Amino acid sequence: MLYKEVIMAIRVNPRLIDDLERFGAEDVQFCYHCGDCSTVCFHSDQMYRFPRKSMRFLQMGLGRKIETTLEPWLCYYCGQCSEQCPREADPGETMMSLRRWLISRYDITGIARLFFKSLTTEILAVIGVAVLTGAFLLYYGLSQGNFSIYDGEGAFLPSHFIHSFDLLVGACLAVFLLINAVRMWFFVMVRGTSFPVPWWLYLKKLYLMVWHFFSQRRYAECKSTRPTKIFMPWIVHLGLMLGYIIMLVLVMVFIEKLQSGPRIDWSVHIFGYLASVGLIIGTIYFIRKRISRKNYVQYKKSHSTDWVFVILLFMIVLTGICQHIFHRTGLNELANGTYIIHLMAVVPWLLRMPFSKWSHLVYRPLAMYFAEIRRDALERQDAVLPSYSY
Ligand code: SF4
Ligand code: SF4
């Protein structure tokens, strides 16, 4: 155990702070380790103490150590630590930047790193995928269908074809996310855990992953640091996330029912309407907050990739609603045209997910799951926690 930690400690990256600047953290060097931030952090506890520990590791250039930690994922950016910091070192934003940095470390392709470091590269990639998608759909539609037919025989983009297309995109998304999740597990549970973890703990704690995925419970706990009864960002974030999941299920499983019409099939469309409401409210809320930069520290700074995410999402929601209205009112040419534009936004948005902040949808519940497994395993060792304070 000692040998393992020494080996990791000597792999110092003196340029780590400079590197992290490109991911959004600009003030790490101002930290003088008073520890106020860890004291006020609602989520910090004896085993997972942050954000001071992360600030320290960053200043020491311990990138290899940081990539084995879970703390950045246990932070929900309530902003309390940044408001309290006497040195204006912005630990909350540093934790946010570390999450972006970790996403780039889990990603084996290097695409996430490219996107986070260069907005131009990301925009070119998004445009490239959108153009390829549009060209492919146009070619397919014109070669076998009629632009004035939306559904049924001779349809420009028949629902069975769209279903196969969606499954293909979904499979690419799942493969990338799965590889990244395995890498996260390897970093945290193999390289970063120096005590044995019984295999059955993975089964025993599995429910935690599902619970945190659907409830985002930890985000809700941030409310106690605010004078308001309900922590609004949690509600909106939950609505956005559930809207996204419902839409994904509808598109991957029920697309043929969803696309039939013009009669409205309430058994599936009601879920589509609910999901759209969640997505619209969530998108407008976060765009407004980021533009006005009011109320919460987390909205005062936005990374360029955050904007690519919300702008694409806004386009998806808007074109999805227009396409739905055109189809239901019998304007088939407009419905088909809008459908292509809609899919030109959907495909790069989905394919971008494993390389963007949105992948936290997977990493956050995984982190809670791993954190509790490690806690339980350590208690079983009857081990003594490190005596130094963070
Ligand atoms: S409060 Fe600020 S200066 Fe103090 S340890 Fe945290 S980040 Fe560093
Ligand atoms: S932003 Fe909030 S949750 Fe994150 S480290 Fe700071 S105090 Fe803790």
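## A proline in a loop

Let's start small, with one proline: P51 sits in the loop between helix 3 and helix 4. The peptide bond that leads into P51 from F50 is cis, and its omega is near 5°. Keep in mind as you look around that this is a predicted model.

The two helices on either side of that loop turn up again further on. Helix 3 covers residues 36–40, and both helix 3 and helix 4 supply at least two residues each to the shell around ligand 1.

## The whole chain

Now zoom out. The protein chain has 20 helices and 0 strands, so you're looking at helices and the loops that link them. Put the C-alpha atoms in a box along the principal axes and you need roughly 70 × 45 × 40 Å.

How does the radius of gyration of the protein chain fit with a compact globule? For 390 residues, a compact globule would come out near 21 Å, and the chain has 23 Å, which agrees. Of those 390 residues, 36% count as buried. The contacts also reach a long way along the sequence: take those between residues at least 6 apart, and 74% of them join residues at least 24 apart.

## Two ligands, two shells

Around ligand 1 there are 14 residues, and C31, C34, D36, C37 and C85 come nearest. Sorted by class, this shell has 8 nonpolar, 3 polar and 3 charged residues.

Ligand 2 has 15 residues around it, with C41, C75, C78, C81 and G92 coming nearest. Two elements give two or more residues to this shell: helix 7 (80–84) and helix 8 (91–106). Helix 8 gives the most, with 3 residues. Which classes make up the shell around ligand 2? Its residues split into 11 nonpolar and 4 polar, with no charged ones.

## Helix 8 and its arginine

Helix 8 deserves a look of its own. Its 16 residues span 22 Å from the first C-alpha to the last, close to the 22 Å expected at 1.5 Å a residue. Is helix 8 mostly covered or mostly open? Mostly covered: 16 of its 16 residues are buried.

One residue to pick out in helix 8 is R100. R100 counts as buried because 26 other C-beta atoms lie within 10 Å, and the cut-off is 20 or more. Leaving out residues up to four places away in sequence, R100 touches F23, G24, F116, H303 and K357. As for L62, R100 is 38 residues from it in sequence and 16 Å from it in space, C-alpha to C-alpha.

## The largest nonpolar core

The largest nonpolar core holds 49 residues, and the ones touching the most other members are L20, V28, L70, L74, A367, F370 and A371. Several helices give two or more residues to this core, among them helix 2 (16–21), helix 6 (71–74), helix 8 and helix 11 (159–191). Helix 20, at 360–381, is on that list too, and it provides the largest share of the core, 8 residues.

## Helix 15 and its neighbours

Helix 15 runs over residues 232–253, which makes 22 residues. From first C-alpha to last it reaches 31 Å, close to the 32 Å expected at 1.5 Å a residue. Its buried residues are P233, W234, L240, G243, M247 and V251. What do they pack against? The partners are helix 11, helix 14 (217–220), helix 16 (255–259) and helix 17 (266–292).

Helix 11 also contains G170. G170 is partly exposed, because it has 15 other C-beta atoms within 10 Å. G170 and L351 are 181 residues apart in sequence, yet their C-alpha atoms are 8.4 Å apart in space.

## Two positive phi angles

Two loop residues finish the tour. Y77, in the loop between helix 6 and helix 7, has a phi near 50°, a positive value in a residue that isn't glycine. Q216 lies in the loop between helix 13 (206–215) and helix 14, and its phi is likewise positive, near 50°.

Are these two residues buried or partly exposed? With 19 other C-beta atoms within 10 Å, Y77 is partly exposed. Q216 has 20 C-beta neighbours inside 10 Å, so it counts as buried. The cut-off for buried is 20 or more.

Conventions:
Residues numbered from 1 in each chain as written. Chains lettered and ligands numbered in written order. Predicted model: local features only at pLDDT ≥ 70, side-chain atom pairs only at ≥ 80, totals over all residues. Near = placed C-beta within 6 Å. Helix = DSSP H or I, 4+ residues; strand = E, 2+ residues; numbered from the N terminus. Nonpolar A, V, L, I, M, F, W, Y, C, P; charged D, E, K, R; others polar. Rg over C-alpha atoms; globule rule 2.2 N^0.38 Å. Buried ≥ 20, exposed ≤ 12 C-beta atoms within 10 Å, placed from the backbone. Contact = placed C-beta atoms within 7 Å. Expected span 1.5 Å × (residues − 1). Core = buried A, V, L, I, M, F, W, Y, C linked by C-beta atoms within 7 Å.
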